[in-house]
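Grab a pencil and work through these exercises with the model open beside you. Try each task before you read its solution.

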Amino acid sequence: MDFSDSPEEAAFRAEASVFLDENAPEKVPNPYQQVTREAQLAALPGAREWHATQTRDGWGVLLWPVEHGGRGLGPIEQMIWNQEKSKRNLTESIFSPQVGMVGPTIIAHGTEEQKEQHLAGILNGDTMWCQLFSEPGAGSDLAGLATRGVRDGDDWIITGQKTWSSFADIADWGFMLVRTDPSLPKHEGISYFLVDMKQPGIETQPLRQMTGSELFCEVFFNEVRVPDSNRLGPVGGGWSVANTTLLHERMMMGGMGNQFSFDNLLRDARERGVQFDDVTLDEIGRVQAWSKALDMLNARIMTKVRLGKNPAAESSVMKLAMARLYSRCSDLGLRVQGAEALIQAGEWQKHFLTSPAFHIAGGSDEIQKNTAAERVLGLPRDPYDLRGTPFDQLPRSAR
């Protein structure tokens, strides 16, 4: 397999590099990297300005069709763009959930009225969106969600709780999954809605993490009335619509650099005059090898996406490997600092405190191992497989 750029890809990479060199600020304010809510909000205007610059010059949404303001390019070009941004530490964006997830989903499944209402605001960053998928009672199984939607004329009455929703307290809109028919198996009775986050009945509470950050929120829906015209896709077809969201998220994320930086690790080591012992050198070599293997796996996933295939098993393996790599890298960062690591509160301490979340967020290690075992190794399904059982007949522990 040849991972080098084709002539066309090399030309695109050069174009991206020139744009970033000429337009990217030396340091983009990033709300995700701030700890206090005040600092996060203060960083928002700068992040919005950088997003507007990219959109103005055609780099905001490479994957969107041309008729909706994108460039109609493919996942390989997206990966190249992400790689060039990653070299300049520009990978994360507070606008990623909307331009990379709900925007493409509205294009794929929305009505003309929904496209007219939402796409321009999503593209320009005029509206802020949050994802409302995870629930406290569903564990790592997204399809175990219990937030209920009951039809009432032209509306749905939604009641339940979501969690781990980034910036839900300042979002204008949310995209969410709701159980609208509990008599069906749990993957079939789900519908997908676009929800105005400013309407009565929605309560948000920021969650303080052990890093001190208040990035996430709990969101409570107390008999919130949502018009049926805000439903995206068919009633009961939400799981399929959500897969569109998650597929585009993977394409948007492809090629983004790891949270960990070898350059930063080695820079810190040199500044401190650290002499690596054999054990640490061995660990650095292992981590570097894992990092390169992940690059190759990422290229394989992007190739599969370009061929129109769903890389579910590869994504699970990659998620597992990334979480393990992140933990080992954060350990290494602290090891470089030595005993001083115990009394400092810097980059490596933040990585160390964040690393457990990578083993849970986006599907826990246990869920990813099950997927890899069944789809890569061909092992039999879990004997406690109840996926054909109606949701309201499932034991609570299996929901």
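**Exercise 1: a residue in a helix**

Leu266 lies in helix 7, where helices (H or I, at least four residues) and strands (E, at least two) are DSSP runs, numbered from the N terminus. A quick note before going on: this is a predicted model, in which local features need pLDDT of at least 70 and side-chain atom pairs count only at pLDDT 80 or more, while totals for chains, interfaces and linings use all residues. Residues are numbered from 1 along each chain as its sequence is written, and side-chain values use heavy atoms, with hydrogens and water left out.

Task: Work out how Leu266 counts in terms of accessibility.

Solution. Step one is the rule: buried means under 20% relative accessible area, exposed over 50%, and partly exposed in between (1.4 Å probe, protein chains only). Step two is the value: Leu266 has 28% relative accessibility, so it counts as partly exposed. As an extra, find Gly333: Leu266 and Gly333 are 67 residues apart in sequence, yet C-alpha to C-alpha they are 9.4 Å apart in space.

**Exercise 2: checking a helix**

Task: Compare the expected span of helix 10 with the distance between its end C-alpha atoms, then find which face its buried residues line.

Solution. First, the expected span is 1.5 Å times one less than the number of residues. Helix 10 (residues 347-358) has 12 residues, so it should span 16 Å, and its end C-alpha atoms agree by being 16 Å apart. Next, list the buried residues of helix 10: Trp348, Gln349, His351 and Ser355. Looking down the axis of helix 10, you find these buried residues within an arc of 160° (taken from the directions from the helix axis to the C-beta atoms), so they line one face of the helix. Here's the background: an α-helix has 3.6 residues a turn, so residues three or four places apart point the same way.

**Exercise 3: the largest nonpolar core**

Task: Find which residues of the largest nonpolar core touch the most other members.

Solution. Start with the term: a nonpolar core is a set of buried Ala, Val, Leu, Ile, Met, Phe, Trp, Tyr and Cys residues joined through side-chain atoms within 4.5 Å. The largest one has 32 residues, and Leu20, Trp50, Trp59 and Trp81 touch the most other members. Two or more residues come from each of helix 1 (7-23), helix 3 (75-87), helix 7 (262-272), helix 8 (278-306) and helix 9 (312-337). Helix 9 gives the largest share, seven residues. Now zoom in on Leu20: leaving aside neighbours within four places in sequence, Leu20 is in contact (heavy atoms within 4.5 Å) with residues including Trp50, Trp81 and Leu90.

**Exercise 4: two residues to compare**

Task: Decide whether Gln368 is buried or exposed, and do likewise for Glu223.

Solution. Take Gln368 in helix 11 (residues 365-375). Its relative accessible area is 8%, so Gln368 is buried. Not counting residues up to four places away in sequence, Gln368 touches Ser316, Lys319, Leu320, Gly362 and Gly363. Now turn to Glu223 in strand 7 (residues 216-227). With a relative accessible area of 62%, Glu223 is exposed. There's a backbone detail to spot too: Glu223 isn't a glycine, but has a positive phi of about 50°.
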